[in-house]
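Subject: Structure for you to look through

Hello,

As promised, I am handing over the structure below, and I would be grateful if you kept it open beside this message while you read. My notes on what was found in it follow directly after.

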Amino acid sequence: MVLAVRYPEQLGTIPHAFINGAGCSGVGAVRPLTDPATGRVFLETNESSPEQAQNAVQAAKAALPAWSDTAPGKRADVLFRLAGLIEAQADELAVVEALNVGKPLSQAKRDVGRAADYFRFYAGCCDKLNGDTIPLGPDKTALTVMEPVGVTVHILPWNYPISTLARGVAPALAAGATVVAKPSELTPLSAIMVAQLAIEAGLLDGVLNVVCGAGSVGETLCTHPDTAHVTFTGSTQTGRSVMQSASAPIAGVTLELGGKSPVVVLADADLDAAADGIAKGIFFNAGQVCAAGARLICDRSVHDDLLEKLIQAAQKLTIGHPLDDPDLGPLVSSDQLSRVEGFVVRAKEAGFRCVTGGQRARPKGLEGGLFYEPTIFADVPANSEIAQSEIFGPVLITQLCDTFDEALTLSNNSPFGLVAGIYTANVTKAMRYARQVEAGQVFINGFLQGGDTVPFGGVKQSGIGREKGLAGLAAYTVEKSIVLNHAEGQL
Ligand code: NDP
């Protein structure tokens with residue numbers, strides 16, 4: 001256990017914003033960054049002002065012609081180099097991320113590795129943004145070219161700051177677009193560090209800018225007349241207002257919003273594999289994951305056996321300081337902790353059966369930290385608040401079913417449609433579920449079993465658009481059609 005956490009020395013040297021190729025101080029309000037495991041302020045930053053946000057968009061606009069005209073192979077070189085630099089600084093980035101978010105160090109390291117992977121994947125796409133030709137007869141030729149969309153704004157969440165940055169920014173840069181990123185005010189540091197590394201990798205000034213803050217910075221970016229696309233990851237409610245803000249410049253939007261993802265377990269499933277996948281899928285990153293498998297929908301005949309395995313898995317998890325690399329770190333903020341506590345208290349008051357957890361965790365020496373016990377409520381009614389709302393904490397509910405059709409109906413009884421999972425030995429049922437469940441991504445016999453190059457995004461109130469994989473490039477390119485009349489005597 002870390003009783004006297006030694007905070008990394010380089011924290012004090014990280015700038016508070018990054019505009020037009022240079023780190024700068026924010027000129028807005030002071031924002032203390034707090035280690036959620038100890039409550040200690042480890043850095044005071046200054047938020048960016050709305051004027052700085054405007055300057056960042058202007059810098060991105062000014063950099064657009066040079067970056068979009070850079071030969072695709074040269075753009076790829078820069079992104080490949082950036083991937084390498086992120087890997088070379090992985091240890092420092094992971095420590096900063098773990099401390100800032102409160103996530104266990106090995107999970108933070110994995111996020112940093114994923115960020116490098118995203119830059120490498122999209123680097124390989126720079127010279128493959130092919131257009132098309134369309135037959136118009138012998139005298140005319142129609143062709144399409146893929147042009148960069150323009151200035152793109154990326155509003156990032158606090159749960160996966162560096163990997164969410166990379167999965168949106170890398171395809172935008174690959175497409176020749178320019179970027180203003182706004183990390184969450186709670187977790188601004190890794191985005192600024194990546195922007196610094198991008199300059200070292202050879203990125204032109206102004207192509208990748210980062211501004212920070214809360215209150216009106218996001219709205220300033222999204223309503224700016226030069227903003228062409230907004231990519232937002234966060235709550236459904238804020239997603240609606242981001243969409244409204246982006247309507248001012250008629251910017252496109254990619255929205256990756258909330259979820260309450262179902263995981264179905266049928267009677268013929270491998271229960272050990274299911275228990276392992278479900279426990280990881282809800283307790284990873286302390287449940288602060290949009291794709292978390294928050295609803296177990298289980299065949300009644302195996303429910304109690306599976307529940308017992310899940311209780312044991314939950315009770316085995318270690319809880320501690322992120323830099324000690326436990327299974328569970330603290331929640332990111334006291335607001336998030338109160339939110340989780342509120343859901344659990346109301347569920348208990350409603351008489352639902354809490355079979356493990358259900359309260360704050362107070363690991364020795366870190367009693368004031370924002371920790372919450374891995375929690376399970378069993379046999380929860382389908383339309384209750386705790387079955388319908390995204391909690392964004394380490395809280396699993398179970399629901400019972402007697403038939404496959406009932407499992408499917410329960411799965412789709414949600415305003416969300418981000419991810420779904422099923423465990424069964426019956427491939428016909430698995431594929432029927434995959435095709436009929438309302439979700440953007442379905443995992444069969446291995447919930448959240450990886451796939452950072454697989455398209456990701458929601459349906460219903462979980463959002464619109466796709467990130468990751470080749471599909472993730474679509475938001476950042478615009479297909480322009482050109483029709484040439486080459487009939488005799490026309491040229
Ligand atoms: P929000 O979803 O409320 O998003 C906050 C961000 O949105 C800030 O950067 C804010 O910037 C920006 N923003 C707010 N309004 C606008 C607007 N009209 N136009 C442009 N930008 C805007 O995140 P919170 O951190 O408050 O988390 C709230 C809940 O969201 C969590 O409890 C959790 O349930 C969920 N969440 C979901 C995530 C996911 O992965 N889907 C990730 C993180 C959180 P500014 O203040 O400058 O306007």
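To begin with the inside of the protein chain, 56% of its 491 residues count as buried. Please bear in mind throughout that this is a predicted model, and that the values below are computed from it.

As for the overall build, the protein chain contains 14 helices and 22 strands. Its radius of gyration is 24 Å, close to the 23 Å that the globule rule gives for 491 residues, so the chain is as compact as a globular protein of that length. If you turn the model along its principal axes, the C-alpha atoms fill a box of roughly 80 × 60 × 40 Å. Among the contacts in the protein chain with a separation of 6 or more, 73% are made by residues 24 or more positions apart.

On the outside, the protein chain exposes about 19,200 Å², and carbon and sulfur atoms supply 51% of that area. The chain carries 37 positive and 50 negative charges, and the mean positions of these two groups are 2 Å apart.

Next, the nonpolar cores. The largest of them has 62 residues, and those with the most contacts inside it are Leu11, Ile86, Phe119 and Leu173. Helix α4, which covers residues 105–123, gives this core its largest share, namely 9 residues. Apart from this core lies another, of 54 residues, which includes Ala314, Ile386, Ile391 and Phe443. To see how one core residue is surrounded, you could select Leu173: when residues up to four places away in sequence are not counted, Leu173 touches Trp67, Arg75, Leu79, Phe119, Val179, Leu203 and Val207.

A second residue that repays a careful look is Ala56, which lies in helix α1 (residues 50–69). Is Ala56 buried or exposed? Its relative accessibility is 0%, and a residue under 20% is called buried, so Ala56 counts as buried. Leaving aside neighbours within four places in sequence, Ala56 is in contact with Ile19, Val180, Asn209 and Val211. You can also compare sequence with space here, since Ala56 and Val179 are 123 residues apart in sequence, while their C-alpha atoms are 8.8 Å apart.

Two residues deserve attention for their backbone angles. Most residues other than glycine have a negative phi. Phe392, however, has a phi near 65°, a positive value in a residue other than glycine. Phe392 sits in the loop between α12 (385–388) and β16 (395–401), and with a relative accessible area of 14% it is buried. Lys460 also has a positive phi, near 50°, and is likewise a residue other than glycine. Lys460 belongs to strand β20 (residues 459–460), and its relative accessible area of 37% makes it partly exposed.

Finally, where would you look for Pro225? Pro225 is in the loop between α7 (217–223) and β10 (227–233), where it is exposed, with a relative accessible area of 66%. Along the chain, Pro225 and Val478 are 253 residues apart, and in the model their C-alpha atoms are separated by 18 Å.

With best wishes

Methods
Residues numbered from 1 in each chain as written. Predicted model: local features only at pLDDT ≥ 70, side-chain atom pairs only at ≥ 80, totals over all residues. Heavy atoms only, no water. Helix = DSSP H or I, 4+ residues; strand = E, 2+ residues; numbered from the N terminus. Rg over C-alpha atoms; globule rule 2.2 N^0.38 Å. Buried < 20%, exposed > 50% of the residue type's maximum accessible area, 1.4 Å probe, protein only. Contact = heavy atoms within 4.5 Å. Areas by Shrake-Rupley, 256 points an atom, 1.4 Å probe, with all protein chains shown as cover. Lys, Arg positive; Asp, Glu negative; His and termini not counted. Charge placed at Lys NZ, Arg CZ, Asp CG, Glu CD. Core = buried A, V, L, I, M, F, W, Y, C linked by side-chain atoms within 4.5 Å.
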